Amino acid sequence: MTETKILLDESEIPTQWYNVVADMPNPPDPPLGPDGKPVGPDQLAAIFPPALIEQEVSGERWVPIPEPVREAYRLWRPSPLYRARRLEQYLGTPARIYYKYEGVSPAGSHKPNTALAQAYYNREAGIRRLSTETGAGQWGSALALAGRMFDLEVRVYMVRISYEQKPYRRSMIQTWGAEVLPSPTDRTEAGRKVRAADPDSPGSLGIAISEAVEEAASRQDTNYSLGSVLNHVLLHQTVIGLEAKKQFEKVGDYPDVVYAPCGGGSNFGGVAFPFFADKAAGREVRLVAVEPASCPTLTRGHYAYDFGDTVGLTPLLHMYTLGHDFVPPGIHAGGLRYHGDSPLVSQLYHEGLIEALAVDQVPTFEAGVTFARTEGIIPAPESSHAIRACIDEALRCKESGEPRVLFFNLSGHGHFDMAAYDRYFRGELEDFAYPEEAIEQALEHLPKVEAAQS
Ligand SMILES: *Cc1c(COP(=O)(O)O)cnc(C)c1O
């Protein structure tokens with residue numbers, strides 16, 4: 001096998017998404033309302049279209065991908081699987097390293113895989129507008145693109161600090177014709193509440209979610225769209241892993257370990273869940289979610305019911321959490337800042353079926369630069385977390401002489417993150433382990449529910 005890029009034909013874009021719930025040993029814990037009772041599908045109808053609510057609670061193994069969505073996927077899918085020969089050579093490792101490159105999408109990350117699907121189902125349901133939040137701007141730009149493709153207006157509440165520090169993501173959102181506002185705004189109750197308490201609030205993902213949900217709940221023509229965490233989002237992202245499996249088959253190889261960066265868990269679920277199906281059927285494969293040591297949700301958070309947003313407007317989700325009032329340390333430059341994690345990923349981690357590890361930010365940027373200097377592609381700092389973990393394993397293989405097959409998801413490119421690279425080159429980044437007291441404090445702020453634990 002001599003290929004560098006392992007490519008599929010457009011006709012090989014998956015026709016169905018894979019639902020991991022069908023292969024989980026235990027059913028997922030339901031979201032709960034403020035009264036501690038499971039939230040029914042009808043309560044979600046104020047902000048989501050019926051098709052997405054159905055997917056959110058579905059136990060069907062396969063969900064058909066609508067033809068208009070596949071048609072839009074053809075703009076960049078199937079995405080390439082690369083064999084990282086130059087990186088292998090540089091490391092001197094006997095490991096075979098592969099990566100799936102999601103940076104080929106128009107927005108530069110995996111996020112359009114679900115943005116297009118969500119826009120499609122909302123338009124089918126007669127919705128005219130979508131509201132959403134964005135942190136660094138990746139999700140906002142993906143939904144702006146999707147709104148354009150499926151003819152929906154999009155309003156993006158962008159975390160203020162990013163709005164100011166990442167002007168080009170903001171410009172991308174505007175280029176695709178969406179509206180972008182620095183959050184907290186004074187247009188919503190949630191935003192006004194935060195600003196009253198802290199007029200200089202830099203914003204956070206949790207606050208921006210509160211604003212976007214409030215807007216969607218209060219307008220008939222508007223629904224809310226979330227870029228990660230929820231079951232239907234992870235479902236849509238499984239095109240990544242499904243394609244990758246076909247690509248591995250083409251070259252007669254199979255990964256021993258799958259790595260993905262983990263923020264809300266969508267690209268991890270997307271790449272890892274189709275391999276989990278094999279694992280559930282008895283095949284040996286390790287699935288590893290990689291997160292920043294400064295936002296260590298899976299590795300150091302609590303597994304508990306918590307709000308998805310800061311103000312407490314969303315249902316309670318059973319997930320690993322650092323507390324819904326978590327604000328990431330200012331020194332942190334690498335994304336993956338969300339306080340919680342996907343309930344599906346959380347449950348599989350809790351049950352010991354997948355793994356997680358946390359990496360420090362200086363070695364993470366170092367890995368990203370090593371990757372750029374060997375493979376050429378400048379990775380998104382988020383993706384570099386997975387690269388760090390993969391390089392560490394490749395170096396262990398070098399010690400032990402084991403020719404393991406390592407695979408990671410290169411979730412996006414870093415062309416709009418060069419300011420973070422600059423900070424790294426100037427030596428301004430430090431490693432920062434999130435303090436234990438803060439984690440303990442977060443526990444005290446968790447909503448009190450008498451949840452039935454599985
Ligand atoms: C958003 C994002 C992530 C993390 O989000 P998940 O929901 O965990 O997938 C990772 N990489 C890139 C490039 C992103 O834009």
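**Figure 1. Seven strands make an open sheet.** In this predicted model, the strands line up as E1-E4-E5-E15-E10-E11-E14, and their pairing is mixed. Look for the two ends of that row: strand E1 (5-6) and strand E14 (355-359) stand at the edges. Each has a single partner strand, so one side of each has no neighbour in the sheet.

**Figure 2. Here's a close-up of E5 beside E15.** Strand E5 covers residues 96-101 and strand E15 covers residues 405-410. The two pair in the parallel sense, with six bridges between them. To find your place in this view, start at Tyr-98: opposite it, in E15, stands Phe-407.

**Figure 3. Now for the residues around the ligand.** The ligand is surrounded by 18 residues, and the closest are Ser-228, Gly-263, Asn-267, Glu-382 and Gly-412. Sorted by class, this shell holds 11 polar, five nonpolar and two charged residues. Helices H13 (266-280) and H17 (381-400) each chip in with at least two shell residues. The largest share, three residues, comes from H13.

**Figure 4. Stepping back, here's the chain that holds these views together.** Its secondary structure adds up to 19 helices and 15 strands. Along the principal axes, the C-alpha atoms fill a box of roughly 60 × 50 × 45 Å. How does the radius of gyration of the chain fit with a compact globule? For 454 residues, such a globule would have a value near 22 Å, and the chain has 20 Å, which agrees. Of those 454 residues, 56% count as buried. Among contacts between residues at least 6 apart in sequence, 76% join residues at least 24 apart.

Terms used
Residues numbered from 1 in each chain as written. Predicted model: local features only at pLDDT ≥ 70, side-chain atom pairs only at ≥ 80, totals over all residues. Near = placed C-beta within 6 Å. Helix = DSSP H or I, 4+ residues; strand = E, 2+ residues; numbered from the N terminus. Nonpolar A, V, L, I, M, F, W, Y, C, P; charged D, E, K, R; others polar. Rg over C-alpha atoms; globule rule 2.2 N^0.38 Å. Buried ≥ 20, exposed ≤ 12 C-beta atoms within 10 Å, placed from the backbone. Contact = placed C-beta atoms within 7 Å. Pairing = 2+ DSSP bridges.
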